[in-house]
Amino acid sequence: MFKPEEIIFAPTAECNLACAHCRVERIPQRLSAEDAVAFLKSCRPHGIEKVGFSGGEPFLRPDFLCDVSRAAVELDMVFDRLMTNGVWFDSQTDLDETLTALRASGFDGTFGVSVDSYHAQDLRKLALFFGAIFAVWGRKDCCEIISATTPEGAAPKDMLETLAGRLGGRLLLEDGEPFSIINDAFLERRDEEAGASETMMINIIRVPYSAAAEEDAWGAAAWFEDDFCRGPGNVFYVHPDGRVAVCCGFANENPQLIIGDIRTDGYETLMRRAAENPMVKACYEAGLATARARLETRGYRFPGKTGDPCFFCDYCAKHELLR
């Protein structure tokens with residue numbers, strides 16, 4: 001059942017990069033911090049405790065990040081990830097001032113930094129970002145790397161190994177795949193002898209590539225198993241134009257996954273619309289596998305099989321199969 005636990009704000013769809021795998025619709029709108037704060041206040045009494053940021057590149061709206069973070073602290077909410085490409089700044093001064101202001105606003109969540117072959121950042125600049133985070137927050141364990149694999153499953157080991165070296169650490173592998181970046185202080189740590197300011201631990205989260213509905217991704221040997229959107233689900237994802245989606249995955253710009261607008265709709269209205277939405281019911285209640293079986297029973301024939309529920313969700317939404 002859909003029960004949002006977090007609000008993720010995308011303050012802008014603008015970005016300083018143009019990655020080949022990105023499916024964010026580059027709309028010109030910028031989300032109002034005042035509207036976002038009002039929405040936070042309306043949702044807090046209903047048990048939503050977490051706040052996260054995405055985009056676009058959210059650091060292109062530092063004013064928004066600070067205003068919403070201050071409001072979240074006042075509402076006794078906790079922070080989840082702030083997703084970033086880590087190379088949005090123009091100078092070291094710009095970087096330091098922006099991060100110092102965000103720290104002063106009370107943000108103490110995790111920085112989710114996208115590092116993979118799609119983003120292909122300048123690793124020297126990326127290392128400056130990590131170093132500034134460590135300095136401003138006084139700790140080296142508040143970052144994660146989100147690394148999207150290619151369709152063939154390849155991970156950017158060389159990139160991550162080079163980055164680890166620039167950070168004074170080393171890349172750890174698990175079953176041959178990047179697992180984390182650590183330093184000697186982490187390896188030598190005994191009974192908290194080395195504090196967070198010295199001990200570096202950057203977990204690497206590998207995200208499998210998900211094809212969009214327009215791609216030919218029907219070659220799987222078996223159908224996916226239902227996960228009821230346990231990964232990207234159970235969130236209010238707020239787009240830069242104020243639209244609210246029920247998912248933070250790449251399919252969340254489909255009208256079928258939009259349940260309202262923060263400027264006009266409160267928590268109760270959004271939840272009522274979610275309860276009436278066939279796509280939401282399929283994702284969170286019946287399961288997409290059950291929906292697929294029903295469609296086939298009614299005579300619909302898919303081009304093949306897929307093991308990726310996100311691709312299947314995007315396909316169903318774009319073809320308006322679940323209405």
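**A walk through the fold, starting from two helices**

In this predicted model, helix H1 passes helix H2 in a right-handed crossing. Two packed helices are described by the angle between their axes and the distance between the axes. For the pair considered here, H1 covers residues 33-43 and H2 covers residues 62-74, and their axes come within 9 Å while crossing at roughly 20 degrees. Angles under 35 degrees count as roughly parallel, and H1 and H2 are therefore roughly parallel to each other.

Which residues bring the two helices together? On the side of H1 they are Ala33, Ala36, Val37 and Leu40, and these meet Phe64, Asp67, Val68, Ala71 and Ala72 in H2. When the residues of this contact are sorted by character, 8 are nonpolar, none is polar and 1 is charged.

Just ahead of H2 along the chain there is a detail of the backbone that deserves a careful look. The peptide bond that runs from Gly55 to Gly56 is cis, and its omega is near 10 degrees. Gly56 has its place in the loop between strand E2, which spans residues 50-53, and H2.

Two other loops hold residues with a positive phi, although neither of the two is a glycine. One of them is Ala120, whose phi is near 50 degrees, and its place is in the loop between strand E4 (110-114) and helix H4 (123-137). Is Ala120 buried or exposed? With a relative accessible area of 52%, Ala120 is exposed, given that exposed means over 50%. The other is Asp175, which has a positive phi of about 55 degrees and lies in the loop between strand E6 (170-174) and strand E7 (177-182). Asp175 is likewise exposed, and its relative accessible area is 78%.

Stepping back from these details to the whole, the protein chain has 10 helices and 11 strands. Its C-alpha atoms fill a box of roughly 60 × 45 × 40 Å when the box is taken along the principal axes. A compact globule with 323 residues would have a radius of gyration near 20 Å, and because the protein chain has 20 Å, the two values agree. Of the 323 residues of the protein chain, 50% count as buried. Finally, among the contacts in the protein chain with a separation of 6 or more, 71% are accounted for by residues 24 or more positions apart.

How values were computed: Residues are numbered from 1 along each chain as its sequence is written. This is a predicted model: local features need pLDDT of at least 70, side-chain atom pairs count only at pLDDT 80 or more; totals for chains, interfaces and linings use all residues. Side-chain values use heavy atoms; hydrogens and water are left out. Axes are lines fitted to C-alpha atoms, for helices over the stretch in contact, and angles run from 0 to 180 degrees between N-to-C directions. Helices (H or I, at least four residues) and strands (E, at least two) are DSSP runs, numbered from the N terminus. Angles under 35 degrees count as roughly parallel, over 145 as roughly antiparallel, 65 to 115 as roughly perpendicular and the rest as oblique. A crossing is left-handed if the near helix is turned anticlockwise from the far one by less than a right angle, and right-handed if clockwise. Contact means heavy atoms within 4.5 Å. Ala, Val, Leu, Ile, Met, Phe, Trp, Tyr, Cys and Pro count as nonpolar, Asp, Glu, Lys and Arg as charged, and the others, Gly among them, as polar. The radius of gyration is taken over C-alpha atoms; the globule rule is 2.2 Å times the number of residues to the power 0.38. Buried means under 20% relative accessible area, exposed over 50%, partly exposed in between (1.4 Å probe, protein chains only).
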